[in-house]
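Load the model and keep a selection prompt at hand. The tour below goes stop by stop, naming what to select and what is there.

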Amino acid sequence: MSVLRLLQLADSAFPTGAYAFSDGLETLTVRGAVRTPADLSAFLAGQLAHGWGTQDVPACALAWGADAGVLADLDALLDDLKLVPGPRHASTRVGTNLRRAAAHVWPELPLPAARHHATTFGALAHALGVSRPDTVSAYVSGWLLGRATSATRLMKLGGLDAQRCASACEEAAQTCIHAALNATPDDLCTFTPLLDLAASEQVGLDARLFQT
């Protein structure tokens with residue numbers, strides 16, 4: 001039963017509004033930095049190795065089974081690490097939507113005192129009885145497939161090719177998951193200056209499909 005609940009929680013159809021955010025990918029495609037399937041695979045792998053994967057994924061792992069005080073500290077740390085307002089607000093907005101949807105679907109579930117998407121996902125999965133490794137794996141898979149799907153709306157890229165780009169990042173995803181499961185709060189970091197610039201420029205695009 002816990003695995004079925006995890007699959008539902010991580011499904012892109014779960015009403016969190018995450019589909020409205022591209023994590024800066026839209027700006028990179030508009031600027032021509034991501035144009036080909038190889039570019040997309042490099043973007044995804046780079047995010048797993050140096051960006052989202054070293055920040056949100058370990059936060060998710062650390063939130064699993066954490067008490068309210070630890071969750072508050074993790075949320076505050078994510079506030080500080082997410083320098084660009086757009087992605088920071090997106091993270092808390094999706095977290096709020098995730099809690100609201102979980103309360104509707106599983107009204108008996110105790111809702112965690114978490115704000116960001118990563119911390120909320122980790123804490124909710126624990127409350128659903130899901131193991132920590134499965135929680136982190138599902139969180140990474142959801143992000144990876146979500147960004148690949150976003151790319152089909154931004155590039156001349158079909159669904160099969162997008163899935164192939166995601167599959168090409170399997171090793172990077174596994175490395176990310178392993179590191180997250182062994183991380184401490186001091187390990188949370190990110191170094192993606194190009195993506196930070198892209199996220200900052202998102203609001204100035206002439207036309208937008210995504211909010212970030």
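## First stop: Q202

Select Q202: at 1% relative accessibility it counts as buried, where buried means under 20% relative accessible area, exposed over 50% and partly exposed in between (1.4 Å probe, protein chains only). Q202 sits in the segment after α11 (193-201). Helices here are DSSP runs (H or I, at least four residues), strands are E runs of at least two, and both are numbered from the N terminus.

Show the contacts of Q202 next, with contact meaning heavy atoms within 4.5 Å. Not counting residues up to four places away in sequence, Q202 touches E26, T27, R208, F210, Q211 and T212. For a distance label, pick the C-alpha atoms of Q202 and G53: they are 149 residues apart along the chain and separated by 21 Å.

Before going on, note that this is a predicted model, in which local features need pLDDT of at least 70, side-chain atom pairs count only at pLDDT 80 or more, and totals for chains, interfaces and linings use all residues. Residues are numbered from 1 along each chain as its sequence is written, and side-chain values use heavy atoms, with hydrogens and water left out.

## Whole chain

Zoom out and colour by secondary structure. The protein has eleven helices and zero strands, so the cartoon should show no arrows if the viewer follows the DSSP runs. The C-alpha trace spans about 45 × 35 × 30 Å along its principal axes.

How does the radius of gyration agree with that of a compact globule? For 212 residues a compact globule would have a value near 17 Å, and the protein has 16 Å, which agrees. The radius is taken over C-alpha atoms, and the globule rule is 2.2 Å times the number of residues to the power 0.38.

Of the 212 residues, 45% count as buried. Among contacts with a separation of 6 or more, residues 24 or more positions apart account for 77%. Switch on the surface: the protein exposes about 10,300 Å², and carbon and sulfur atoms supply 57% of it. These areas come from the Shrake-Rupley method with a 1.4 Å probe; for residues, only the protein chains shown count as cover.

## Loops at the N-terminal helices

Select D23, in the loop between α1 (2-10) and α2 (25-31). D23 has a positive phi of about 60° although it is not a glycine. At 22% relative accessibility, D23 counts as partly exposed.

Move to G32, in the loop between α2 and α3 (37-50). G32 counts as partly exposed at 25% relative accessibility. The C-alpha atoms of G32 and A63 are 31 residues apart along the chain and separated by 36 Å.

## α6, A114 and α7

Select α6 (85-105). α6 has 21 residues and reaches 30 Å from its first C-alpha to its last, close to the 30 Å expected at 1.5 Å a residue; the expected span is 1.5 Å times one less than the number of residues. Its buried residues are A90, S91, V94, G95, N97, L98, R99, A101 and A102. What covers them includes α1, α4 and α7.

A114 is in the loop between α6 and α7, and at 3% relative accessibility A114 counts as buried. Leaving aside neighbours within four places in sequence, A114 is in contact with L71, D75, R99, T119 and T120. Add G69, which lies in helix α5 (residues 68-81) and counts as partly exposed at 39% relative accessibility. The C-alpha atoms of G69 and A114 are separated by 9.8 Å.

Now select α7 (residues 117-127), where eight of its eleven residues are buried. Which residues of α7 are buried? They are A118, T119, T120, F121, G122, A123, L124 and A125. They pack against α1, α4 (52-63), α5, α6 and α8. Just after α7, G129 takes a positive phi of about 85°.

## Last stop: α8

Select residues 132-154. At 1.5 Å a residue, the 23 residues of helix α8 should span 33 Å, and its end C-alpha atoms are 33 Å apart, which agrees. Colour the buried residues of α8, among them T135, Y139, W143, R147 and L154.
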